[in-house]
Amino acid sequence: MSELLRVEHLAAGYGRLPVLFDVSFSLEAGEVVALAAGNGAGKSTLLAAMSGVLRPVTGGRVEFRGRDLSRVPAHLIARQGLVHVLERRRLAPFMTVLDNLRLSEATVARVRRAAWRRRFEEARESHELLRSHGERKAGELSGGQQQLVAVVRGLLAEPAVILLDEPFQGLDLHAASQVCAVLEQAAGAGTAVLLTEHRAEVVTGLAHRTLHMDRGRIVDEESHVAQPV
Ligand SMILES: Nc1ncnc2c1ncn2[C@@H]1O[C@H](COP(=O)(O)OP(=O)(O)OP(=O)(O)O)[C@@H](O)[C@H]1O
């Protein structure tokens with residue numbers, strides 16, 4: 001397996017509020033890693049610091065494919081293949097489901113747009129939800145359905161690394177298993193998956209490793225039986 005992403009001694013905070021302290025870990029292709037912690041431990045801050053959507057970093061670095069990301073703007077980080085699916089899905093509620101998915105096309109480089117359109121058509125055919133609800137307004141879908149759409153949208157860009165903030169929050173078992181299946185498939189194709197979750201037990205069947213965070217630090221690391229192929 002090859003290392004895609006390395007976080008080294010990362011420190012971050014907001015103004016005078018320090019949130020992350022000396023966080024280090026790495027992610028390899030095809031790995032699913034969970035960040036488990038209670039409220040306010042800094043999970044969302046860590047993902048945002050990695051994807052560049054916030055710049056709370058006060059020390060350390062994030063390297064993606066060996067390149068320091070600290071000066072790279074968020075949209076270029078995404079274009080290079082590190083995609084962040086934000087908490088609460090962030091779909092445009094008055095746009096149709098398919099139009100929400102189409103928003104992803106602009107996030108990939110022009111030379112990759114023909115391939116993007118092929119993946120879009122494949123996704124449209126392979127997901128029952130997209131066949132039946134593609135022309136519905138995204139805001140009319142259940143939370144679980146919206147989450148699936150948000151995850152599919154993130155994966156349409158064919159990211160090397162996908163970061164997901166609380167992808168199972170509020171989902172029933174059926175919706176959670178659908179999201180799991182999509183993520184497992186992506187990991188099987190080589191995408192590294194990093195997701196946050198309050199409840200460590202929710203992700204043990206999916207994650208190869210769980211990093212336990214407490215008050216801004218990684219305090220424990222657990223390997224699970226499932227190993228990336
Ligand atoms: N944009 C922001 N500005 C100021 N403080 C923030 C901001 N975002 C988060 N914080 C603070 O940083 C700390 C860590 O928050 P963060 O959202 O990263 O934790 P979390 O582990 O993701 O929690 P949750 O599971 O509740 O989302 C909290 O004290 C929070 O209030």
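Helices, in what follows, are DSSP runs of H or I with at least four residues, numbered from the N terminus. With that convention, serine 142 can be placed in the loop between helix H5 (128-133) and H6. I should say at once that the structure under discussion is a predicted model.

Let me stay with serine 142 for a moment. Is this residue buried or exposed? Neither term applies in full: a residue is called buried at 20 or more C-beta neighbours within 10 Å and exposed at 12 or fewer. Serine 142 has 13 such neighbours inside 10 Å, and therefore counts as partly exposed. Its separation from arginine 6 is 136 residues in sequence, while the two C-alpha atoms are 35 Å apart in space.

I turn now to the sheets. Six strands make up an open sheet with mixed pairing, and their order is S6-S7-S8-S3-S9-S10. At its edges are strand S6 (82-85) and strand S10 (217-223), each of which pairs on one side only. Direction ignored, neighbouring strands in this sheet are turned by 20° against each other on average.

Within this sheet, S3 pairs with strand S9 (residues 209-214) in the parallel sense, over four bridges. Two of the bridge partners may be named: valine 33 is matched with arginine 209 of S9, and leucine 35 with leucine 211 of S9. How do S9 and S10 run with respect to each other, and how many bridges join them? They run antiparallel, and six bridges join them. Here threonine 210 has glutamate 222 of S10 as its bridge partner. The hairpin of S9 and S10 has two residues between the strands, and in that hairpin arginine 215 takes a positive phi near 45°.

The next topic is the helices that pack on this sheet. Helix H6 touches S6 and S7, and its direction makes about 170° with that of S6. Helix H7 lies across S3, S7 and S8, and runs at about 150° to S8.

H7 deserves a closer look. The helix covers residues 173-188, which is 16 residues; at 1.5 Å a residue it should span 22 Å, and the end C-alpha atoms are indeed 22 Å apart, so expectation and model agree. Which residues of H7 are buried? They are Ala176, Val179, Leu183, Ala186 and Ala187. Viewed down the helix axis, these buried residues fall within an arc of 100°, and so they line one face of H7. Their packing partners are strand S3 (32-36), helix H6 (143-156), strand S7 (161-164) and strand S8 (192-197). On the other side of H7, the exposed residues are Leu173, His174, Ala181, Gln185 and Gly188. Just after the helix, glycine 190 adopts a positive phi of about 110°.

There is also a second sheet. It is open and has four strands in the order S2-S1-S4-S5, with antiparallel pairing. S2 and strand S5 (67-68) are its edge strands, each pairing on one side only. Strand S4 (residues 57-64) meets S5 in the antiparallel sense over two bridges, and phenylalanine 64 stands opposite arginine 67 in S5.

Two residues other than glycine call for comment on their backbone. Aspartate 22, in strand S2, has a positive phi near 50°. This residue is partly exposed, because it has 13 C-beta neighbours inside 10 Å. Glutamate 158, in the loop between H6 and S7, likewise has a positive phi, near 50°. With 19 other C-beta atoms within 10 Å, glutamate 158 counts as partly exposed.

I close with the ligand. Which residues surround it? The shell consists of Tyr14, Leu17, Val19, Ala37, Asn39, Gly40, Ala41, Gly42, Lys43, Ser44 and Thr45. Strand S2 (17-28) and helix H1 (43-51) each supply at least two residues of this shell. H1 gives the most, with three residues. Strand S2 thus appears twice in this account: as an edge strand of the four-stranded sheet, and as a contributor to the ligand shell.

Key. Residues numbered from 1 in each chain as written. Predicted model: local features only at pLDDT ≥ 70, side-chain atom pairs only at ≥ 80, totals over all residues. Expected span 1.5 Å × (residues − 1). Arc of directions from axis to C-beta. Contact = placed C-beta atoms within 7 Å. Pairing = 2+ DSSP bridges. Axes fitted to C-alpha atoms, helices over the stretch in contact; angles between N-to-C directions. Near = placed C-beta within 6 Å.
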